[in-house]
Amino acid sequence: MEPGRDAFLARVRAALRVGHVSATSSSNGAKEPAVARLEDERASRREALARLRPLLVSRFRDEAERVGVRVRGPVAAGDVTRTVGEGLAAHRARRIVASPRGFALPEGFDVLSGRDGALAADAGVTRCDFAIAESGTLVVIANEDAPRLPSLAPKIHLAILRIEDILEVPADLFLFLSPGAPPSSIVFITGPSRTGDIEQTLTVGVHGPGVVEVVLVAEGTPSTR
Amino acid sequence: MKPTSEQFREHVDEALADWGLRAALAAATGRFVSLRQDAFAAFPEGGALRDQARTIKEEAIARLDEHLEQLAFAVEARGGNVHFAADADAACRMVIEIARQRGVTLAVKSKSMTTEEIALNEALEHAGIRVVETDLGEFIIQLAVEGPSHLIAPAVHKTREQVATLFREKLGYSGEDSVPALCAFAREFLRGEFVRAGMGVSGVNFAVAETGTIAIVENEGNARLTTTLPPVHVAIMGMEKVVPRLADLAVFLRILARSATGQKMSSYVSLLTGPRREREEDGAQEFHLVILDNGRSRLLADPELRESLYCIRCGACLNVCPVYRAIGGHAYGWVYPGPIGAVLTPAYLGESRAPDLPFASTLCGACADVCPVKIALPHRLLDLRARVVAEKKRTKGNDAKSYVFRAWAWLLTHPSLYRASAKLARFALKPMAKDGRIDALPGRLAGWTRTRDFPLPAAEPFHARWRKRWSQPSARDGTPSTTERTE
Ligand code: SF4
C-alpha cells in the first residue's frame, strides 16, 4: 500500500474520533440477506412477481409510455423477429447493430458490428435483461455477447423484453443479481436521451438514442441467463 | 474553480440587476419545485425512503475508514486502480500523471461538481491536455468561459440566441436558432470528440464499498459515452460518496431523480464495476478511481457540520430557496450554490473566505423540508453564523450591530419599558402611516419599503389583547373569543 493511502485513512480515522455523533436512528439501512436465506427470499419474491405479472406489464407499459417509449406486444416468441423488422422499417433504419441473444434478426438490413459499426448504425437492437415497472426502466447488462454501444450510440434503440423479466422496483434487481462481483456494466435506461439545458426546453436524442422502443415477448421464452 | 465567495455582496448586486437571469431562474426553479412536489405526492413510500437514505448515509460516514478500505480493495480486485488524494492539487496531479503515461492529449468529461471543485480542467489544460465538457449545459458554459449556475441545470441563465451566437463564433455553426437544431449540432460535434479522446473523466454519484461499483446518474447519455468510448476511464469522487452495500442503491435511485427533477428515474443510471472484462467488446480497458479528501475530513471531525457530508447533490434545496431563486448560483462564488453551498463553501474553504454565505438565508426551513437525506440546513447555517460572529468579535471587537442587538435584548427583558417604547414608536410613526401602513420609510430605512409596506405598531398591542382575552369567561374553557376586533 502506498504511503498516501495510509496517511489518508489515518486522517479519516482521526477525524471520525473527534467528530463522533450518535446516529438519529438505530435501524439499519437496506439489509443484505444472509446467503443461506437468499434463495428462499428470491423464490418467494419470484412467486410474488409472477402473481403480479399482469399488473407489472401494464404498469411498465404506462410508465414507459409516459417517458416517451413506444411499447409493442406482447407478441409470441415466433413473432419477435417480424415485429422488430416493423419497428426498424417504421423509422427507416437500414444499418443496424444488434445483440438480440436468442432471437433472429429480420432480413433486409445491413448488420454492422464492433465499435465503428455501432457508431455508424441507424439503430441498435438489444435484448434487455430486466425491466423495472415502477419507473418504466429497461436494464441492460454488458457481457461477451452484449456490448454497451448498441443501446447507446445509434439514434434509435429497439429493445426486446420478456414479460417474465419485468420487476417491480430496483431492489428486485439487486435481489436477483448473482452474489459476488456484479457484471462490468449494468445500465438503467428510462426513456430517450434527454436534455433541458437550453431554455428548459425538453429535447431528446442529445447524446444517446432519441427513439426508444420496446417489443414485449409473451410468457414462455427461455431466459438468456 | 477559483473561489470568489468573499465578494458575495458584490455578486448579489450584479445578479439582482440581471433581470434576464432572474426570469430564467424563477422559471427553472419553479418548474423543478412543482415537478418534485408532484413526484413525491404520488409516492407514499417517499417518507420511509428518505429515512432509510439518511440511515444509510449515517452508517456509511460513521465507519468511513472501513468503507473506503473495502471500496479500494474491491475496485482493485476487479482490475481497477485506486488513488487517494489528500487535496485538489494531489488529485489533479494524479489525473495528469495517468494522462501523460498514456500519451493522452484530449480528454472528454461528463458533468461532475467534484472536478469543478478541484479545478481539474484548468490543471489539465495547463499540462497541455485539452478537456471537453460533454454535458450540453456544461459544454455551453465551457465555450462561454463561465462557471455552472445550478447543480442540475448549469446553463439555466443562457437563452437559445446566446447559445446559437456562441456556437457560430466558436464552432462555425451555421444553422438556425431552434433548440433541436442546436442540440443536433452539439451531438455531432461532441461525438467526434468522444471518438478521438484518449481519456474519459467522470464524477461519481455513489460508490459501493462491498463490490467496488460506481453509480453515475444522468439524462443525456454523455456520461455513458465518456465511460465507454475512450480507452481510459478516470472517475473522481469525494470520499463521502461511499455507501456500504449494492442493495443500498435501491433506496437512493428511487429518491435522487424525484428530488432533483421530479423524474421517477433519470434517463440513465450506469453501475460500473471495474474496466471491461476479458472478451467484452467495448467499455474502457482501464479504470481509475480517485478518492478525494480536500477538506472533507475537517467536516468529518466537526460534530455540527458532519451531516453536510450526507448530501447527494440533488439540488432540491436550491430550487426552494428564496435567496437562491433571486440571485442564482454564480453569486455564491464557488462550486456549490444555494443552502447546501452556503454550508459547504465556508466549511471547505474556511469561514473567513466566505463570511457572508451563512447569512444568505431567511432560515425559512424550506430546504430542510425537501432534503432527501434530511440535512438540518438552517441549523448548520446558524452554527456557521455563530462562528463568523465569534471570530469577528475576537479580531475586531464589538461592532455597532452587536450593541443594537444587546440593547434590544435588554429592552425585551424589561416589559414595562418595552411597552412604553412600543407606544412611543407608534406615536412617532403615525404621521407617516396611511390606513395603518407605511409605504415609504425615511432615510436609510427607505430600502425596506421599496417593495413592501411596513405596518404601524398596533394601537392595542398583542400582550394587551392576550391579557384581555384570557380574562373573559369564554377563554377559561379553552376557547378564546374571536369575535371582537380591535383595529
Ligand atoms: S443538501 Fe439535501 S436537498 Fe440540498 S442538494 Fe444536498 S441532498 Fe439535495
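Two residues are in contact when heavy atoms lie within 4.5 Å. In this predicted model, Trp448(B) is in contact with Leu441(B) and Phe454(B), once its neighbours within four places in sequence are left aside. Trp448(B) belongs to the loop between strand 11 (437–438) and strand 12 (454–455) of chain B. Its relative accessibility is 44%, and because partly exposed covers the range between 20% and 50%, Trp448(B) counts as partly exposed. The C-alpha atom of Trp448(B) is 27 Å from that of Lys393(B), a residue 55 positions away along the chain.

**The two chains**

Chain A has 225 residues, of which 52% are buried. Its secondary structure consists of 5 helices and 12 strands. Contacts in chain A with a separation of 6 or more are made up to 75% by residues 24 or more positions apart.

Chain B has 487 residues, and 54% of them count as buried. It contains 22 helices and 12 strands. In chain B, 72% of the contacts between residues at least 6 apart in sequence join residues at least 24 apart. The C-alpha trace of chain B spans about 85 × 55 × 50 Å along its principal axes.

**The ligand site**

The ligand takes up the space of the largest cavity. The residues around the ligand come from chain B and include the cysteines Cys311(B), Cys314(B), Cys317(B) and Cys371(B). Ile312(B), Ile340(B), Ile375(B), Val373(B), Leu377(B) and Pro372(B) are also among them, together with Arg313(B) and Gly315(B). By class, this shell has 10 nonpolar, 1 polar and 1 charged residues.

**Helix 12 of chain B**

Helix 12 covers residues 249–260 of chain B, 12 residues in total. From its first C-alpha to its last it reaches 16 Å, close to the 16 Å expected at 1.5 Å a residue. The helix is mostly covered, with 12 of its 12 residues buried. The buried residues include Leu249(B), Val251(B), Phe252(B) and Leu253(B), and also Arg254(B), Arg258(B) and Ser259(B). Just after the helix, Gly262(B) has a positive phi of about 80°.

**A loop residue in contact with chain A**

Asp302(B) sits in the loop between helix 13 (296–300) and helix 14 (316–320) of chain B. With a relative accessibility of 14%, Asp302(B) counts as buried, because the limit for that class is under 20%. Apart from its neighbours within four places in sequence, Asp302(B) is in contact with Gly19(A) and Arg387(B).

**Backbone geometry**

Two residues other than glycine with positive phi are listed below.

| Residue | Phi | Place in chain B |
|---|---|---|
| Ala119(B) | about 55° | loop between helix 6 (113–117) and helix 7 (120–126) |
| Arg279(B) | near 70° | loop between strand 9 (268–273) and strand 10 (286–292) |

Arg279(B) is exposed, with a relative accessible area of 60%.

In chain A, the peptide bond from Gly73(A) to Pro74(A) is cis, and its omega is near 10°. Pro74(A) is in strand 1 (residues 70–75) of that chain.

Key:
Residues numbered from 1 in each chain as written. Chains lettered and ligands numbered in written order. Predicted model: local features only at pLDDT ≥ 70, side-chain atom pairs only at ≥ 80, totals over all residues. Heavy atoms only, no water. Near = heavy atom within 4 Å. 1 Å grid on protein atoms, 1.4 Å probe; cavity = no way out; pocket = protein on both sides within 12 Å on 5 of 7 lines; lining within 4 Å. Sits in = over half its atoms within 2 Å of the grid points. Nonpolar A, V, L, I, M, F, W, Y, C, P; charged D, E, K, R; others polar. Helix = DSSP H or I, 4+ residues; strand = E, 2+ residues; numbered from the N terminus. Buried < 20%, exposed > 50% of the residue type's maximum accessible area, 1.4 Å probe, protein only. Expected span 1.5 Å × (residues − 1).
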